[in-house]
Protein chains: 4
Amino acid sequence: MQQSIALFVDKGYSATSIQDIVDALGVTKGSFYYHYKSKDALLMDIHQQYIDELLARQESILQGAAPATDKLAAIVRLLIGDMEKQGPIANVYFRELRHLKEENAKTIRAKRAEFREQIESVLLEGIESGEFRKELNPKMTAFAVLGVTNWSYQWFQPGGELATDELAQLYTDFILHGIMPAQSKKP
Amino acid sequence: MQQSIALFVDKGYSATSIQDIVDALGVTKGSFYYHYKSKDALLMDIHQQYIDELLARQESILQGAAPATDKLAAIVRLLIGDMEKQGPIANVYFRELRHLKEENAKTIRAKRAEFREQIESVLLEGIESGEFRKELNPKMTAFAVLGVTNWSYQWFQPGGELATDELAQLYTDFILHGIMPAQSKKP
Amino acid sequence: MQQSIALFVDKGYSATSIQDIVDALGVTKGSFYYHYKSKDALLMDIHQQYIDELLARQESILQGAAPATDKLAAIVRLLIGDMEKQGPIANVYFRELRHLKEENAKTIRAKRAEFREQIESVLLEGIESGEFRKELNPKMTAFAVLGVTNWSYQWFQPGGELATDELAQLYTDFILHGIMPAQSKKP
Amino acid sequence: MQQSIALFVDKGYSATSIQDIVDALGVTKGSFYYHYKSKDALLMDIHQQYIDELLARQESILQGAAPATDKLAAIVRLLIGDMEKQGPIANVYFRELRHLKEENAKTIRAKRAEFREQIESVLLEGIESGEFRKELNPKMTAFAVLGVTNWSYQWFQPGGELATDELAQLYTDFILHGIMPAQSKKP
DNA sequence: GATGAATGAGCCTTCATTCAT
DNA sequence: GATGAATGAAGGCTCATTCAT
């Protein structure tokens, strides 16, 4: 799975052949099909593993009694924070959904929506508590947050000019400024 | 080209065959190769057409003498504003770069960087003029802006609950709040 | 199609690969798939061509005003008479039905039943006219007739000790003796 | 073997994989190869078991001192009589000979010929004793008998409108009428 | 401008078989 | 007796591309 993720990141799912994968591992195609039912099943496994972990960690953030501001910051850190380890798998997750067969895609899309709706509910919480601006559209703002974080998987190079922690900090800042009322900015 | 873009959006470049394209048009493969040298050349044409128009329109925004705030808002509108017409081509542009052959990819990556750097320069302008917060990292902020806008191509459905104009307005708001100092917020 | 029939006769449908077929023709696989949608489609074509011709010729036999005895004899000659030309295709037809996909198999089974029922109707005609024995079970007798004729495709070698005409004569004789009343045998 | 026969009947030898067989049994492929040297060996076992029993039973029919008419009737009953139990194996036997490797096929073909020649000899016996018509060609008539009986394996459904006993009776009748002189028909 | 036919490479998948455990 | 893992060959099919007409 590790190897296949690396290849999918590099060339895309469709353009990566089973032969590419098994060559990278030094095994044979027959062996691949002993462990996976199909190329599609492999892609599904990748998707499921990523989103399931993400949802689990999001839930543990939501269960706490922290203010919405802190919860949102934690979610941003969750998404960006371990890009080093999760970067490749996330990359596949964000790009290759359409190559799942419809039946599987439906499952993943549902979990994807769930994740986004949890962000919406944190935003709503913050709006009601007065932490966030009243005029925000929670749904669109959730998409904006996801845009900022997820887009970084397209360009961020771990080990480049910025550490992931620093990026997470910058973006938390940017997002919180974007949604908090003018007078209540953190010092 | 229109048809091929629609198919690339739907199934991805690799998973779309020339046969798919010509079937959708009711012509034959031979005919395709009369007009395009290769599948790759078609993809390059799509990329070039999109980025060239974007750069041209960005330039005309930059040439004005407006404040940085207005310029940035104009760029956001440029990216989101005509999603109805440009949505599909943008979708291909954002997803299929990796399938260009290296030589072509280099060209596009250069223009892509140019576009981003122009946003950086607007941000810098705003920081210097005091319109934007001093502590911003212009490069990372440029990526954040692009994240917010470009990500919308992944989920936005024209004709859904929100018009593109409204989305552009919401996101301009979100972004400007994110980068302007607390005390100078627009009313 | 000729070549593929020969190969199917020799090795069976499943054991004959597309490669086998195109090798025998000196073309390439791509070429095969330009002309046939699938291996299954080729098999269907073979079935359809055989049964359609058979049904057409059977119909022209039935339309005449001849006595049932003559009609039945004509059908036996129809089945055995041109084994030289039709032998191979008939062989495939009798053996490979199960490899058609269900949808196609249904079509062929229907035509097959039609052919048999026409034989039944000739038998019934003969029974009513007193040409054939009253106690015959028309359906089972139709199957018996088909057994005698069709089985010969499994062992008959054209150019062997007997000409097809002679075989047709022998079998017409055998069958008519089998179904006519004792007293009315032909001299 | 039971399971494999059922699968061969359903899909054909070539189209049935070892995996299919072991799946149906709930064991693993390794286990199959502990019991059978190869797929071909399994097919040979099936053939051998069927023809050996048939030959043995035929021999016991032939050893009696009954008239040819009775012997022939007994052989017809032998072939059709226990179609319920023997149907599936006979089906494989009649269809899959060509998938034996040449060396094995030769053995089976020899036994097959032997069985047929025994029928020929009964026919000859009957012709000489005056039970059967003088002008019969014993070889072709033997094939006709086998056609009537063996073809029934292609369409007969135990538990359908007719019992196997009744079918055997009908076909004995048909065949004997077909070969006996007009004046000596049974009452 | 367009077509029909062909090609060779490559694709995903399945196969019969082997073998260490 | 049985299993799990592997293998190399082959299978059906699709692909981007070419080219004579």
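## Chains that stay apart

Chains A and C share no contact, and their closest C-alpha atoms are 20 Å apart. Chains B and C are likewise without any contact, with their closest C-alpha atoms 12 Å apart. Please keep in mind as you look around that this is a predicted model.

## Where chain A meets chain B

Chains A and B, in contrast, do touch: 29 residues of chain A are in contact with 29 residues of chain B. On the chain A side, α8 (138-155) and α9 (164-179) each provide at least two residues. The biggest share comes from α8(A), which gives 11 residues. Sorted by class, this side of chain A holds 15 nonpolar, 10 polar and 4 charged residues.

## Around DNA strand E

Let us turn to the DNA. Strand E is surrounded by 30 residues, and the closest of them are Ser17(A), Gly30(B), Gly30(C), Ser17(D) and Gly30(D). Chains A and D each bring α2 (18-25), α3 (29-35) and α4 (39-63) to this surface, with two or more residues from each element, while chains B and C each do so with α3 (29-35).

What is the make-up of the surface near DNA strand E by residue class? It divides into 8 nonpolar, 14 polar and 8 charged residues.

## Around DNA strand F

DNA strand F also has 30 residues around it, and here Gly30(A), Ser17(B), Gly30(B), Ser17(C) and Gly30(D) come nearest. On this surface, chains B and C each contribute two or more residues from α2 (18-25), from α3 and from α4 (39-63), whereas chains A and D each do so from α3. The residues near strand F divide into 8 nonpolar, 14 polar and 8 charged.

## A helix pair inside chain C

For a closer look within one chain, try helix α1 (residues 2-11) and helix α6 (residues 83-95) of chain C. Their axes come within 9 Å and cross at roughly 60 degrees, so α1(C) and α6(C) are oblique to each other. The crossing of these two helices, α1(C) and α6(C), is left-handed.

Which residues bring α1(C) and α6(C) together? From α1(C) come Ile5(C), Ala6(C), Phe8(C) and Val9(C), and they meet Pro88(C), Ile89(C), Asn91(C) and Val92(C) of α6(C). By class, this contact has 7 nonpolar residues, 1 polar residue and no charged ones.

Terms used
Residues are numbered from 1 along each chain as its sequence is written. Chains are lettered from A and ligands numbered from 1 in the order in which they are written. This is a predicted model: local features need pLDDT of at least 70, side-chain atom pairs count only at pLDDT 80 or more; totals for chains, interfaces and linings use all residues. A residue is near a molecule or strand if its C-beta atom, placed from the backbone, lies within 6 Å of it. Helices (H or I, at least four residues) and strands (E, at least two) are DSSP runs, numbered from the N terminus. Ala, Val, Leu, Ile, Met, Phe, Trp, Tyr, Cys and Pro count as nonpolar, Asp, Glu, Lys and Arg as charged, and the others, Gly among them, as polar. Two residues are in contact if their C-beta atoms, placed from the backbone, lie within 7 Å. Axes are lines fitted to C-alpha atoms, for helices over the stretch in contact, and angles run from 0 to 180 degrees between N-to-C directions. Angles under 35 degrees count as roughly parallel, over 145 as roughly antiparallel, 65 to 115 as roughly perpendicular and the rest as oblique. A crossing is left-handed if the near helix is turned anticlockwise from the far one by less than a right angle, and right-handed if clockwise.
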